[in-house]
Amino acid sequence: MRIGISPFGHTRDGSFAVADAAVEGGIDTFWLGEGLLEMEQFPRWSGGMEPLTWLAFLAGRYPGVRVGLGASVLPLRDVQWLAKQSSTLDNLTGGNHVLAVAPGFWRHEFEYRGVDFDRRGAIFGELLDGLIAAFAGDEYSSEHLRLAPGHRLSPRPLDGVHPQLWLAGAAGTQRKALARGLPFQARAATPAELAPTVEGWKARGGGVFGLRIAVELAELPQHAAHLSGSKIVGPAQYIADQLRAYARIGVDDVSLIPGNDDESSLRTTRALVNEVLPALGELLARDAA
């Protein structure tokens with residue numbers, strides 16, 4: 001199971017301290033989410049920055065890391081410019097860029113952009129076809145997008161088709177990913193909640209199944225450690241046990257959001273690389289024996 005983190009903090013220096021600790025500890029993937037408006041839950045250095053710009057900076061600062069956007073809200077994006085930006089990052093990183101796209105979650109962002117929130121699923125389907133066509137240089141026309149024949153965006157993706165393209169979201173988006181043979185990144189859920197979904201995905205021939213979830217180191221008694229639908233909170237061994245549970249049900253790729261400010265993010269990241277991941281490795285080796 002591959003594990004990456006979001007290098008979040010409340011300040012620039014705090015965010016880069018988290019990123020430094022992650023890379024020095026052997027984590028090879030940075031994931032960023034996407035938010036359009038100012039939100040109390042996502043201050044500037046904890047999700048408020050434009051993610052493709054930030055990922056390009058991280059890719060240059062830490063050569064060789066995989067940089068993933070999980071996920072871009074496709075109904076709020078200009079598809080042609082998203083394709084151009086993502087293809088650029090795909091070329092800059094030598095194909096080490098993941099673009100996950102989703103229908104969206106925050107109603108107020110749709111209201112701000114004048115997009116019908118209740119039709120976001122249908123709009124997403126149209127724009128996803130348009131995004132794939134833009135990457136490939138194909139003609140495309142729908143209610144929300146037209147790509148004229150005889151033109152192709154520059155640059156082309158590294159392989160001429162598209163970057164590593166994933167879908168993210170809920171059940172409807174998962175069905176689209178399965179139909180198109182694309183990886184899928186699920187919303188946060190407990191292993192027990194997620195197990196039937198992963199089992200069905202694998203049984204239908206689905207490929208990579210990813211998960212994005214928050215995690216925070218807390219030196220709590222074992223009975224006080226907890227895993228909600230959105231966050232793992234507890235000591236290092238408890239976090240390792242929960243990640244092991246995800247691996248056991250078939251999750252292939254985990255995007256972790258460590259902590260919620262400079263101090264807790266750095267403390268959690270250091271615990272991940274020094275304690276959690278070594279313990280997880282031992283647990284998975286034991287399972288495989």
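A crossing of two helices is called right-handed if the near helix is turned clockwise from the far one by less than a right angle, and left-handed if the turn is anticlockwise. With that in mind, and remembering that the model on your screen is a predicted one, you can begin the tour.

**First stop: helices α5 and α6**

Select residues 120–136, which form helix α5, together with residues 171–180, which form helix α6, and you will see two helices whose axes lie 11 Å apart and meet at an angle of about 30°. Since angles under 35 degrees count as roughly parallel, α5 is therefore roughly parallel to α6. The crossing of α5 and α6 is right-handed, so in the sense defined above the near helix is turned clockwise from the far one. To see where the two helices touch, show the side chains of Gly121, Phe124, Gly125, Leu128, Asp129 and Ile132 in α5, and those of Thr173, Lys176 and Arg180 in α6. Sorted by class, this contact is made up of three nonpolar, three polar and three charged residues.

Stay for a moment with Thr173, which belongs to helix α6. Is Thr173 buried or exposed? Its relative accessibility is 6%, and Thr173 therefore counts as buried, the cut-off for this being under 20%. Leaving out residues up to four places away in sequence, the residues that Thr173 touches are Pro103, Phe124, Leu167, Ala168 and Phe184.

**Second stop: Ser87 and the loop between β6 and β7**

Next select helix α3, residues 79–92, and pick out Ser87 within it. With a relative accessibility of 2%, Ser87 counts as buried. When its neighbours within four places in sequence are set aside, Ser87 is in contact with Phe135, Pro155, Arg156, Pro157 and Pro163.

One of these contacts, Pro155, deserves a closer look, and you will find Pro155 in the loop between β6 (146–147) and β7 (164–169). The peptide bond that joins Ser154 and Pro155 is cis, with omega at about 0°. Most peptide bonds are trans, and it is worth turning the view until you can follow the backbone through this one. A second cis peptide bond can be found by selecting Gly70 and Ala71, where omega is about 15°; Ala71 is part of strand β3, residues 66–73.

Return to the loop between β6 and β7 and select Asp159, which also lies there. In contrast to Ser87, which counts as buried, Asp159 has a relative accessibility of 52% and counts as exposed. If you draw a distance from the C-alpha atom of Asp159 to that of Asp287, you will find 37 Å in space between two residues that are 128 residues apart in sequence.

**Third stop: strands around β12 and β11**

Now select strand β12, residues 253–258, which is mostly covered, as five of its six residues are buried. Strand β1, residues 2–5, runs parallel to β12 and is joined to it by four bridges, and here Ile3 stands opposite Val254. Strand β9 also pairs with β12 in the parallel sense, over six bridges, with Ala214 opposite Ile257.

From β9, residues 209–217, move to β11, residues 231–234, since these two strands pair in the parallel sense over four bridges, and Leu217 stands opposite Gly234. Strand β10, residues 226–227, pairs with β11 in the antiparallel sense, over two bridges, and the bridge partner of Leu227 in β11 is Ile232. Between β9 and β10 there is a loop that holds Glu219, a residue that counts as exposed at 64% relative accessibility.

**Last stop: helices α8 and α9**

Finally, select helix α8, residues 236–249, and helix α9, residues 262–288, whose axes come within 9 Å and cross at roughly 45°. How are α8 and α9 placed relative to each other? They are oblique, and their crossing is right-handed. The contact includes Ile239, Leu243 and Ala247 from α8, and among the residues from α9 are Leu272, Val276, Leu280 and Asp287. By class, there are 11 nonpolar residues, one polar residue and five charged residues in this contact. The Asp287 seen here is the residue at the other end of the 37 Å separation from Asp159.

Technical notes:
Residues are numbered from 1 along each chain as its sequence is written. This is a predicted model: local features need pLDDT of at least 70, side-chain atom pairs count only at pLDDT 80 or more; totals for chains, interfaces and linings use all residues. Side-chain values use heavy atoms; hydrogens and water are left out. Axes are lines fitted to C-alpha atoms, for helices over the stretch in contact, and angles run from 0 to 180 degrees between N-to-C directions. Angles under 35 degrees count as roughly parallel, over 145 as roughly antiparallel, 65 to 115 as roughly perpendicular and the rest as oblique. Contact means heavy atoms within 4.5 Å. Ala, Val, Leu, Ile, Met, Phe, Trp, Tyr, Cys and Pro count as nonpolar, Asp, Glu, Lys and Arg as charged, and the others, Gly among them, as polar. Buried means under 20% relative accessible area, exposed over 50%, partly exposed in between (1.4 Å probe, protein chains only). Two strands pair if DSSP finds at least two bridges between them.
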